[in-house]
Amino acid sequence: MQRRLVDLTARPFDVLVIGGGICGLTVACDAAQRGLTVALVERHDFGSGTSFNHLRTIHGGLRYLQHLDIPRARESIAERRTLAAIAPWAVSPTPFVLPLRRSLAKGRLAMRAGFALDGLLAKHRNRDLPASHHLPSGHVLSPEEARQRYPLLRKVPMTGAAVWHDYVATDADRLTFSWAQAAAAHGAVLANYVSAGALRINNQRLAVVTVTDRHTDTTFEIVARTVVNATGADLDHLLAGVGLKTGMPVTKAMNLVTNLQVPRAAIGGRSPAGRNFFMVPWQGRALFGTWESGTFDATTDVSARAADVSAFVRDISDTFPSLGVTDASITLVHRGIVPAVKKGAHGATPDGREQLHDHALGGYPQIISVAGTKYTTARAMAEKVTTRLLRALGRPAVACRTATTALPTPPSDGEPRLLLADQEMVATLEDAVVRRTRLGALGAPAPEVLTNAARIVGGRLGWAAARRAQEIDDVRRFYADRAPKQ
């Protein structure tokens, strides 16, 4: 898998996917596997945007049952099992524990009813999976049992605790990248660090997108019969070239990686202000999320303001007082822009539904925009998009096989992964230590680790000593930009 920009201009493609997050990569994989010619460009590195900011949970949609949203629950259950089947190396069964209080909708009786319904919908959740990935049924514990099993709940007032199992993505960034590898294996042409500019439709009704190689500042055009706009919060920026607009409001979301070591169970809680959070054990550390700004953001500025991070820390400190979370506990701030629902002039709340805009009604059957894709159900969304693409292209229906095709398994050791830098489109040291390996997943690597990584990666990519020093400085800046500001 190598970056060959000349291949992007060699011919018109059936599909051009713009955006290399989990949404764009799963679409590229499915479309290529179903026989379409596919190109994908990403302005930064694969999976480096909002896809990097998720709580690392692969959930079965239990929360949807609170609203009796059976279709979404069914889809989440099915896709949870699918990911465990096609990428067992990337997910691990984990207990989730939620303290309960007196409530008609969320109390002990309601949770027992929810688990009963979940048991019916998810009766095949373990089918054909190895025993190591089987998920037990959910149940409700008494307060005494909950406090005995989960010491973090000893001081939490509750009427009991709901316990169920989902998966935690133990190697989340490699899981994202595996979709890129699978897409390339099926013939898709992918390139990172290529930004998309103007989009137009030519006289042959083909989409023409002007793109720029960010390494050389060279501009060229990619021609395709259809375009999938998977640029997240930048949807309307790309669509402006043809006079389209989704008008999608957005808000900021954050998750926090900490240096706190916690038991291997995810614990839920509700802050005094009414926010719901989970502490998720991830690679031996506590990961907290998800916090939303609660305001409508008209820009796509993804920076984590110091005030926002401090507010998040206060909320989780109030929610989990026994953990002693402070700004000093934070090793990495994950942040992203997500679709929102407007509330008043400036208020907003995340829109929990995925958004698929088929622009045929606006006179552009060549363009489909997708946003708000959930990590758990990204593959299913890609299946829907590819089916629409086949229809738009006038091609016969082709069965989707991504649900039964194993994703590529990465080397288990970090150093062999670094040695693959020239085969995995690594362009920067950040790519290597943050997303291709686990070296920087929990926070800034030690200086000696960065130096060694720069030596290995630089050796594969032909970096001179000055370039290696610059790459190390760039990685340090990456973590400085994602740390609490004092």
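**Exercise 1. Take stock of the surface and the overall build.**

*Solution.* Start with the outside: the accessible surface of the protein is about 20400 Å² (Shrake-Rupley method, 1.4 Å probe), and carbon and sulfur atoms hold 52% of that surface. A word on what you're looking at: this is a predicted model, where local features need pLDDT of at least 70, side-chain atom pairs count only at pLDDT 80 or more, and totals for chains, interfaces and linings use all residues. Residues are numbered from 1 along each chain as its sequence is written, and side-chain values use heavy atoms, with hydrogens and water left out.

Next, the secondary structure: there are twelve helices and 18 strands, taken as DSSP runs (helices H or I, at least four residues; strands E, at least two) and numbered from the N terminus. The radius of gyration, taken over C-alpha atoms, is 22 Å, close to the 23 Å from the globule rule for 486 residues, so the protein is as compact as a globular protein of that length. That rule is 2.2 Å times the number of residues to the power 0.38. As for extent, the C-alpha trace spans about 70 × 55 × 50 Å along its principal axes.

Then the inside: 55% of the 486 residues are buried, where buried means under 20% relative accessible area, exposed means over 50%, and partly exposed is in between (1.4 Å probe, protein chains only). Of the contacts (heavy atoms within 4.5 Å) between residues at least 6 apart in sequence, 71% join residues at least 24 apart.

**Exercise 2. Place Leu175 and list what it touches.**

*Solution.* Find the element: Leu175 sits in helix α5, residues 172-185. Check the burial: its relative accessibility is 0%, so Leu175 counts as buried. Now the neighbours: leaving aside residues up to four places away in sequence, Leu175 touches Ala87, Trp89, Ala90, Tyr375 and Leu407. For scale, Ala466 is 291 residues from Leu175 in sequence, and their C-alpha atoms are 32 Å apart.

**Exercise 3. Work out the side-chain polar contacts of Thr251 and Gln355.**

*Solution.* Fix the criterion: a polar contact is a pair of N or O atoms within 3.5 Å; within protein, one must be able to donate a hydrogen and the other to accept it, and residues adjacent in sequence count only if both atoms are side-chain atoms.

Take Thr251, which belongs to strand β11 (residues 250-258). Thr251 is buried at a relative accessible area of 0%, and its side chain pairs with that of Ser293 in a polar contact of 2.7 Å.

Move on to Gln355 in strand β17 (residues 355-358). Gln355 is buried too, with a relative accessible area of 15%. Its side chain reaches the side chain of His357 at 3.1 Å. Not counting residues up to four places away in sequence, Gln355 touches Met248, Pro339, Ser369, Val370 and Ala371.

**Exercise 4. Go through some backbone angles and say where they fall.**

*Solution.* First, omega: it is near -10° for the peptide bond from Gly289 to Thr290, which is cis. Thr290 belongs to strand β14 (residues 285-292).

Second, phi: Leu68, a residue other than glycine, has a positive value near 55°. Leu68 lies in the loop between β3 (57-58) and α2 (70-86) and is exposed, with a relative accessible area of 62%.

Third, Tyr193: phi is again positive, near 55°, in a residue other than glycine. Tyr193 is in the loop between β7 (189-192) and β8 (194-201), and at 6% relative accessibility Tyr193 counts as buried.
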